[in-house]
Amino acid sequence: MRKLPRSLRFYVAASTLYAALVFFAVQFIYTIELAHSGIVIALRDSGDVLSSIQIVSFVVWLGISLIAAAIMHRLATALAGAKSAEAEAKSSEEHKDQELGSIFGLSAALAGPLDLEQIGGYFVAAIRGGLPLDVTLALIVYDDVLEAFRTIAADGPRAEAFKERSYSSVALPSIVRVRVIDHRQSLVVADTAAEPQMWARVKEEMPALAPARSFAALPLVSRERLVGALLLLGERPGDVTPDTAQLPVIMGQYVAGSIHSALSVKEAEARAEREALVNRIAQRARASLDPTEILRGTVDELAKVLGVSRALVCTGASEEDLAVSYEWDATGVAPVGVGAKHLPIARLAARLGRTVIVTDIRKDRRFADAHRPEDQVTQDVIAAAATPIRVGGQLAGALSFSQIDRTREWTADEVRLIESVGQELRVAIAAAEAYERQRAAVAELERLNRAKSDFVSIVSHEFRTPLTGIQGFSEMMRSEDLTLEEMREYAGDINKDAHRLNRMINEMLDLDKMESGRMQLHREPVDLNNVVSEAVNRVRPNAPQHPVSVRLDPLVGEMSGDRDKLTQVIANLLNNAVKYSPNGGEIVVSTRLEGNTSHVVVRDHGMGIPKEALEAIFERYGRVESPATRHIQGTGLGLPIVRQIVQLHGGTVWAESTVGAGSVFHVILPRSAAARSDVTEAAS
Amino acid sequence: MSKVVFCEDDPMIRKLVQAAMRSTTHDVHIAEDGKRGLDLIERVRPDVVFSDVAMPVMDGFELADAMRAMPDIAHIPIVFMTASVQREQIEECFRHGAAGHLAKPFTMADLRARVAQYSKS
């Protein structure tokens with residue numbers, strides 16, 4: 001009885017009490033009834049008989065009670081058993097209901113139009129409860145636009161390592177890639193330590209998984225399409241087992257459908273957005289009259305859509321010529337600068353004639369040389385995509401997008417987008433080129449027109465000086481009383497000024513003749529040293545403030561040339577040297593034999609010529625206009641004539657100068673007659 | 001009679017001016033550039049200055065500006081003799097404080113009349 005069930009004890013106690021009550025009741029009734037019946041019983045005598053009857057009946061009752069108790073107990077136990085079985089059945093049903101409820105709840109929650117992040121959030125919340133609290137969940141979804149897996153939801157202690165990340169399929173561990181992604185099977189590792197070799201590889205391939213002690217990767221498949229995978233990371237071995245993975249697998253099936261729909265919507269949207277962008281670009285290219293504007297608007301917009309760090313429009317007719325003509329940079333990105341030419345990716349695209357994409361330039365063999373660490377600006381580029389732009393079968397430029405500070409998988413869609421924009425830009429660039437040509441032609445015409453009217457005003461100005469003399473002296477001769485001697489002198493002066501005027505007119509006509517190729521040289525053997533000496537003698541009297549030193553190389557002998565014209569060349573250069581060194585200073589003329597050529601140098605210590613004007617001074621009317629030269633008289637024809645004569649002799653002339661320190665004019669003449677090399681250039 | 005300073009770099013015009021003024025009673029001084037002209041003006045204190053614009057060393061405008069900066073000679077009128085007949089160039093003469101403008105080629109009668117304009121009675 002030590003361990004009698006409580007119910008049995010209760011029945012035994014109840015029966016014993018019942019038996020005792022019945023016994024005393026019977027005894028009492030007997031005593032009353034015997035007394036009433038008149039049988040006198042001596043209490044002492046009758047006691048034995050009574051007590052034996054009482055004991056027997058007590059025992060019988062007790063026995064009956066005990067049996068009843070046992071029966072009752074059995075019955076109660078059986079009843080209780082049945083009851084608890086029923087309850088048990090009921091509770092398990094409830095649990096299932098709950099599970100089903102959460103699935104239905106989830107699917108109900110997923111019924112509306114949702115974005116991926118919302119779906120992920122519901123899913124993770126729904127399966128969270130069935131897993132140990134410190135299991136980390138990460139839901140990655142295959143994004144067609146990115147062409148990579150992207151985390152859309154993560155929860156748990158290590159969630160931060162997954163949030164807002166994307167993984168190209170090669171970034172996932174190979175076992176996950178093969179088993180889960182390719183074959184759509186679940187991968188469950190209840191204890192990562194039990195499979196050290198496999199796990200070591202996984203850790204290496206995807207370090208974010210390294211801390212897991214148990215791990216599962218479950219595929220999410222909808223309508224034959226793998227939409228993503230659920231990663232579970234347990235902090236302890238056994239946290240994630242095939243059993244605990246059951247619920248996520250079941251619920252994953254529901255979620256996969258929703259993810260599939262959301263992805264389709266997103267893809268359609270992205271496609272529509274891209275098409276709209278391309279349309280906008282095409283429209284703008286056709287509508288705008290300003291090609292630069294088209295180019296800029298388009299590139300800016302595309303750069304923002306792609307989310308790149310930098311966009312470059314490079315123009316150039318060959319791979320070597322490519323230079324940045326327009327640049328867009330995201331905030332905080334250092335610009336490469338318009339005109340930059342170190343463009344290895346754009347150049348490769350130009351050379352290959354197709355789009356070049358670079359995921360990580362540091363690992364790209366094609367750019368092993370091009371990625372120069374010393375190049376401050378291109379150093380930061382890690383990923384890039386460039387497409388060539390061709391106009392009428394000819395390379396016209398390239399479009400280049402680059403990513404700073406991170407690698408980037410360029411999706412087929414992005415590449416298509418870049419290419420189609422490149423196509424549209426072709427139109428814009430062609431238009432821009434035509435526009436530019438037109439504008440340059442107009443500008444050139446305007447310049448010529450301005451030069452011509454400048455020339456007219458310069459010439460009329462210059463002609464007025466000798467005219468003043470001619471008019472003045474003749475007026476005096478007519479109206480004054482003059483001696484014969486004075487008359488002669490004034491007539492001589494008139495004559496001189498008439499000659500001066502004639503010389504100016506001749507210069508103009510000569511230049512015109514030379515420029516139009518109608519000038520004939522009277523070639524003869526000419527000693528260049530003699531020519532230089534004669535020119536110096538001609539100029540010296542007009543330059544009392546300028547010591548002229550002459551250094552002649554005796555080896556410079558005869559050459560074939562026009563003596564008068566060559567003298568004019570040296571005299572013009574010397575006159576300029578005098579004119580443009582108003583404060584005096586030594587003028588040095590030297591000759592030197594250099595192989596088959598003679599080199600004449602005229603050096604002054606005058607005001608010098610600004611660098612940007614060094615070429616223009618040889619152009620007709622190209623005199624440098626500045627306050628410093630305003631007072632200097634001249635038709636502006638001296639140097640153009642020099643260049644024309646030198647070129648007629650097959651030679652070259654150029655100037656070097658430092659402003660404020662003086663100028664050096666170099667003339668190189670071939671010793672034998674040479675064909676005029678650049679007649680067409682000069683005439684144009 | 002008045003004192004006149006001419007500044008002119010062209011030797012023929014210098015000679016012409018000299019000859020034209022010979023028959024007058026004016027005291028004529030001639031310089032070949034602005035710098036020498038300025039020295040002459042300081043020394044002679046003329047009643048009027050006739051100056052070319054385009055000259056070496058110091059041009060006519062610089063001469064006019066230099067005169068305005070020197071209190072003793074700032075008041076002396078200056079007439080520019082220029083071959084420029086374009087409006088903006090003539091206007092520039094007046095911006096530099098010109099009292100008048102004499103276009104080249106000028107007649108001798110013109111020249112004498114303009115000089116006489118500034119003579120002291």
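Here are some questions and answers about this predicted model.

User: How many helices and strands does the secondary structure of chain A come to?
Analyst: Happy to start with the overall picture. Chain A has 684 residues, of which 33% count as buried. Its secondary structure comes to 14 helices and 18 strands.

User: Which helix of chain A gives the most to the side that touches chain B?
Analyst: The contact takes 21 residues from chain A and 21 residues from chain B. On the chain A side, the elements that give two or more residues are helix 9 (412-479) and helix 10 (484-515). With 12 residues, the one that gives the most is helix 9 of chain A.

User: How many residues on the side of chain A that touches chain B are charged?
Analyst: Good one to ask next. The residues on that side of chain A divide into three groups, with five nonpolar and nine polar among them. The charged group has seven.

User: Is Asn596(A) buried or exposed?
Analyst: Let's place the residue before deciding. Asn596(A) lies in the loop between strand 15 (587-594) and strand 16 (597-603) of chain A. A residue is exposed if 12 or fewer other C-beta atoms lie within 10 Å of its own. Because Asn596(A) has 10 C-beta neighbours inside 10 Å, this residue counts as exposed.

User: Which residues is Asn596(A) in contact with, leaving aside its neighbours within four places in sequence?
Analyst: Contact here asks for C-beta atoms within 7 Å. Val556(A), 40 residues away in sequence, is 9.9 Å from Asn596(A), C-alpha to C-alpha. Leaving aside those sequence neighbours, the contacts of Asn596(A) are Pro670(A) and Arg671(A).

Definitions and conventions:
Residues are numbered from 1 along each chain as its sequence is written. Chains are lettered from A and ligands numbered from 1 in the order in which they are written. This is a predicted model: local features need pLDDT of at least 70, side-chain atom pairs count only at pLDDT 80 or more; totals for chains, interfaces and linings use all residues. Helices (H or I, at least four residues) and strands (E, at least two) are DSSP runs, numbered from the N terminus. A residue is buried if 20 or more other C-beta atoms lie within 10 Å of its own, exposed if 12 or fewer, and partly exposed in between; C-beta atoms are placed from the backbone. Two residues are in contact if their C-beta atoms, placed from the backbone, lie within 7 Å. Ala, Val, Leu, Ile, Met, Phe, Trp, Tyr, Cys and Pro count as nonpolar, Asp, Glu, Lys and Arg as charged, and the others, Gly among them, as polar.
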